[in-house]
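Here are a few exercises on empty space and aromatic rings. Grab the viewer, try each one yourself, then check the worked solution.

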Amino acid sequence: MTTHATPAPTPAVLVLEDGSAWEGSAYGAVGSTLGEAVFSTGMTGYQETLTDPSYAGQIVIQTAPHIGNTGVNDEDAESRRIWVAGYAVREAARISSNWRSQRSLDEELTAQGIVGIRGIDTRALTRRLREVGAMRAGIFSGDQADRPRAELLAEVRDSAGMLGRRLAEEVSIAEEHIVEPSEWGWEGEPRGTVVAVDLGIKSMTPRRFAERGLRTVIVPADTGFQRIRELGADGVFFSNGPGDPETADEQVQLLREVLRAKIPFFGICFGNQLLGRALGFGTYKLPFGHRGINQPVLDRATGTVEITAQNHGFAVDAPLDGPVTAPQEEFGRVEVSHVCLNDDVVEGLRCLDLPAFSVQYHPEAAAGPHDAAYLFDRFIDSLPAAGSAAATAQKAGK
Ligand SMILES: NC(=O)CC[C@H](N)C(=O)O
């Protein structure tokens, strides 16, 4: 157990674009930051949330009232850094107590320059976001908190909203990177290669492929179809990612080429929105989005309810009563495979004439329940090469 001396509180204020101001103390780095205020209802998994690239450009408000209790370690990060634009909590733990903890969350936020605020009424703030919808916000601490409120509000109102924001390229890797199945305990020959287009990928996703024997080549967001061919993709995956899916035109074109070539496709979250767009559907912004690890989703094929991890502010506009012919008719029929039980938002798409499907939620489950892990098996079953390799492995008695 590590105890940390309580620093004298430094004043901080969170200002919402509706003019409300929420006073608390600085948490993490001292300074100022701007972003879209969103709330997450995850009771655990703050380290995974902070390092999920899909949160780039957002100030995350945790509804769980105690944050930081188990500290931070070097194993649970979902990417190379913290991506949230800012962080707001009710009570920040003064003590990190966990056998895996290597440092406190406060120290980590400070080291990574993340401006946060603690000691605000996150319940009231969340209720306001639910009523008004996601809003632009700023956190100002130290000297910044002393500036006239009208000036802070003007800065918030001048900042960019999430609508029309293009962020995937900013979080994507610059160089290709391979994750081998042997890194995650797979003992046989790889069952195939999946090319994963990194729009903000979480590290648990290639691990889920690796655990099932798939080799993952993670490629930058601006990769072209020719390169995917060269890499010998048995399947293509589009990851989760930040920003407005309406801005990702190049990736939509790339996905259309993948679909035309009939390469098996699987998409998660942003990847689901891009499959929707490739098929000719629109996307739209939800009032305040779905973020947390306790969101109920119906699998319409089986009637099974899954409790899922989610983090999205946009959704696909596709008809629930399907199957229908895709607006891009060349791709044949498609159906909404999954829906959110809270509000009927589209949570999954399945092509009936192509080997392509996607979900709006997070089956990689980091953090979150593992109910939807079957989707990784479904993808692998759709790869012709993997199917035959699996049969060979079975014959060999593995
Ligand atoms: N996690 C994600 O992939 C989020 C997708 C998109 N940026 C949204 O907010 O809806």
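**Exercise 1.** Which element gives the largest share of the lining of the largest pocket? Then work out where that pocket lies with respect to the domains.

*Solution.* Keep in mind that this is a predicted model.
- Step 1: α6 comes out on top, with three residues of the lining of the largest pocket.
- Step 2: Now get the volume, which is about 570 Å³. The pocket has 25 lining residues, and A77, E78, K202, S203 and M204 are the closest to its centre. The elements that supply two or more of the lining residues are β12 (177-179) and α6 (204-211).
- Step 3: Sort the lining by class, and you get 11 nonpolar, four polar and 10 charged residues.
- Step 4: Check the domains. Lining residues come from both domain 1 (11-162) and domain 2 (168-385), so the largest pocket lies between them.

**Exercise 2.** How many cavities of 30 Å³ or more does a search of the whole structure find? Describe the largest cavity.

*Solution.*
- Step 1: The search turns up five such cavities.
- Step 2: The largest cavity holds about 150 Å³ of space. Its lining has 17 residues, with T49, G292, I293, Q310 and A367 nearest the centre. Two or more residues each come from α1 (46-50), β17 (282-299) and β18 (304-317), and β18 has the largest share, at three.
- Step 3: By class, the lining of the largest cavity splits into five nonpolar, nine polar and three charged residues.
- Step 4: Domain 1 (11-162) and domain 2 (168-385) each put at least three residues into the lining of the largest cavity.

**Exercise 3.** Which element gives the most residues to the lining of the second largest cavity, and where does this cavity lie with respect to the domains?

*Solution.*
- Step 1: The space in the second largest cavity is about 120 Å³. It is lined by 15 residues, and those closest to the centre are G241, G243, H312, G313 and F314.
- Step 2: At least two lining residues come from each of α9 (270-278) and β18. β18 gives the most, with four.
- Step 3: The class count for the second largest cavity is five nonpolar, eight polar and two charged residues.
- Step 4: Both domain 1 (11-162) and domain 2 (168-385) contribute to the lining, so the second largest cavity lies between them.

**Exercise 4.** Is the aromatic pair of F238 and F265 stacked or edge-to-face? Do the same for F266 and F357, and say what each pair ties together.

*Solution.*
- Step 1: The whole structure has nine aromatic pairs. In the one formed by F238 and F265, the centres are 5.3 Å apart and the planes make an angle of 80°, which is edge-to-face.
- Step 2: F238 sits in strand β15 (residues 235-238) and F265 in strand β16 (residues 265-268), so this pair ties together parts 27 residues apart in sequence. F238 is buried at 0% relative accessible area, and F265 is buried at 0% too.
- Step 3: F266 and F357 have centres 4.8 Å apart and planes at 25°, so they are stacked. F266 belongs to strand β16 and F357 to strand β22 (residues 356-359), so the parts tied together are 91 residues apart in sequence.
- Step 4: F266 counts as buried at 0% relative accessibility, and F357 counts as buried at 7%.
- Step 5: Zoom out a bit: F266 and F357 belong to one aromatic cluster with F209, F237, F376 and F379.

Key
Residues are numbered from 1 along each chain as its sequence is written. This is a predicted model: local features need pLDDT of at least 70, side-chain atom pairs count only at pLDDT 80 or more; totals for chains, interfaces and linings use all residues. Side-chain values use heavy atoms; hydrogens and water are left out. On a 1 Å grid over the protein atoms alone, a cavity is a set of points where a 1.4 Å probe fits but cannot get out, and a pocket is an open set with protein on both sides within 12 Å along at least five of seven lines; lining residues have an atom within 4 Å of a point. Grid points are joined across faces, edges and corners, and a volume is the space filled by probe spheres set on the points. Ala, Val, Leu, Ile, Met, Phe, Trp, Tyr, Cys and Pro count as nonpolar, Asp, Glu, Lys and Arg as charged, and the others, Gly among them, as polar. Domain bounds come from an automatic or database domain assignment. Rings of Phe, Tyr and Trp (its six-membered ring) pair if their centres lie within 6.5 Å; planes under 30 degrees apart count as stacked, over 60 as edge-to-face and the rest as tilted. Buried means under 20% relative accessible area, exposed over 50%, partly exposed in between (1.4 Å probe, protein chains only).
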